[in-house]
Amino acid sequence: MGFGDLKSPAGLGVLDEFLADKSYIEGYVPSQADVAVFEALSGPPPADLCHALRWYNHIKSYEKEKNSLPGVKKPLANYGPAGVEDTTATKPVSKVEDDDDIDLFGSDDEEESEEAKRIREERLAQYESKKSKKPALIAKSSILLDVKPWDDETDMAKMEECVRSIQMDGLVWGMSKLVPVGYGIKKLQIQCVVEDDKVGVDILEEQITAFEDYVQSVDVAAFNKI
């Protein structure tokens with residue numbers, strides 16, 4: 001398993017393809033698997049790799065709480081599609097890290113991994129329990145967004161693909177159309193339904209405008225409570 005060299009265009013391409021139908025590296029919530037892969041990147045993927053860029057921007061928003069995300073961080077070779085070898089160059093372990101890894105009391109690695117597994121399972125169980133306690137009434141809104149390109153040469157099909165690649169719990173994309181605005185330029189008008197407690201307009205605007213090679217601006221054309 002692996003993504004090849006995540007610091008190379010080829011490795012980023014493997015990551016983008018891997019995330020085409022996934023929100024996270026493993027499972028359905030951010031975890032240490034996402035942190036491990038995120039930290040292996042040299043920076044944000046290019047705009048044409050919209051799935052990888054969408055994932056990168058989402059995981060970046062967890063920067064302050066990344067250490068508290070569930071799971072145990074593993075080597076990169078434990079993540080990614082089967083049949084691809086990890087070749088990402090990693091920085092050497094520092095002396096302090098080496099000293100921390102020395103087991104002065106001969107503790108058993110298997111016991112440590114069992115303990116880590118137990119903690120992970122407890123956290124996942126807590127998450128599922130919290131998720132199952134949904135309120136009787138879920139407030140939703142229907143939003144119509146105007147996504148404007150830079151000029152008439154912008155690839156509008158690619159821009160819509162990037163917008164729809166944004167996936168969040170409580171977000172459902174709907175119909176879309178291209179609307180002329182003048183001088184041969186068209187804007188993308190796209191509808192979505194969101195759960196108010198989970199998805200805000202500001203989050204949507206931030207993630208859409210992150211595709212800066214295609215998107216000039218985002219405006220809310222209509223907002224209705226459901």
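What follows is a chat about a predicted model, its four-stranded sheet and some of the parts around that sheet.

Colleague: Before I start, what kind of model is this, and how are residues numbered?

Modeller: This is a predicted model, in which local features need pLDDT of at least 70 and side-chain atom pairs count only at pLDDT 80 or more, while totals for chains, interfaces and linings use all residues. Residues are numbered from 1 along each chain as its sequence is written, and side-chain values use heavy atoms, with hydrogens and water left out.

Colleague: What does the protein average in pLDDT?

Modeller: The average is 84, and 87% of the residues score at least 70, where pLDDT is the predictor's confidence in each residue, from 0 to 100. Over residues 91-107 the pLDDT is below 50, and beyond near neighbours in sequence this stretch has four contacts in the model, a contact being heavy atoms within 4.5 Å.

Colleague: OK, the sheet then. In what order do the strands come?

Modeller: The four strands form an open sheet in the order 2-3-1-4, with antiparallel pairing. Helices (H or I, at least four residues) and strands (E, at least two) are DSSP runs numbered from the N terminus, and two strands pair if DSSP finds at least two bridges between them. Strand 2 and strand 4 stand at the edges with a single partner strand each, so one side of each has no neighbour in the sheet.

Colleague: How many bridges join strand 2 to strand 3?

Modeller: Nine bridges join these two antiparallel strands; serine 176, for instance, has isoleucine 190 in strand 3 as its bridge partner, and proline 180 stands opposite lysine 186 in strand 3. The hairpin of strand 2 and strand 3 has two residues between the strands, and tyrosine 183 takes a positive phi near 60° there.

Colleague: Switching to helix 7, which of its residues are buried?

Modeller: In helix 7 (residues 201-209) the buried residues are Leu204, Gln207 and Ile208, where buried means under 20% relative accessible area, exposed over 50%, and partly exposed in between (1.4 Å probe, protein chains only). Seen down the helix axis, they fall within an arc of 100°, so they line one face of helix 7; that arc is taken from the directions from the helix axis to the C-beta atoms.

Colleague: And what does the face turned away carry?

Modeller: That face of helix 7 carries the exposed residues Asp202 and Glu206, whereas the cover over the buried residues includes helix 3 (50-60), helix 6 (156-164) and strand 4 (215-225), among others.

Colleague: What about the loop between helix 6 and strand 2: is serine 165 buried or exposed?

Modeller: Serine 165, which has its place in that loop, counts as buried because its relative accessibility is 5%. Leaving aside neighbours within four places in sequence, serine 165 is in contact with Cys50, His51, Arg54 and Phe211.

Colleague: Which residues does aspartate 169 touch?

Modeller: Aspartate 169 is found in the loop between helix 6 and strand 2 and counts as partly exposed at 45% relative accessibility. Not counting residues up to four places away in sequence, aspartate 169 touches Lys198 and Val199. Aspartate 169 and valine 199 are 30 residues apart in sequence and 7.8 Å apart in space, C-alpha to C-alpha.
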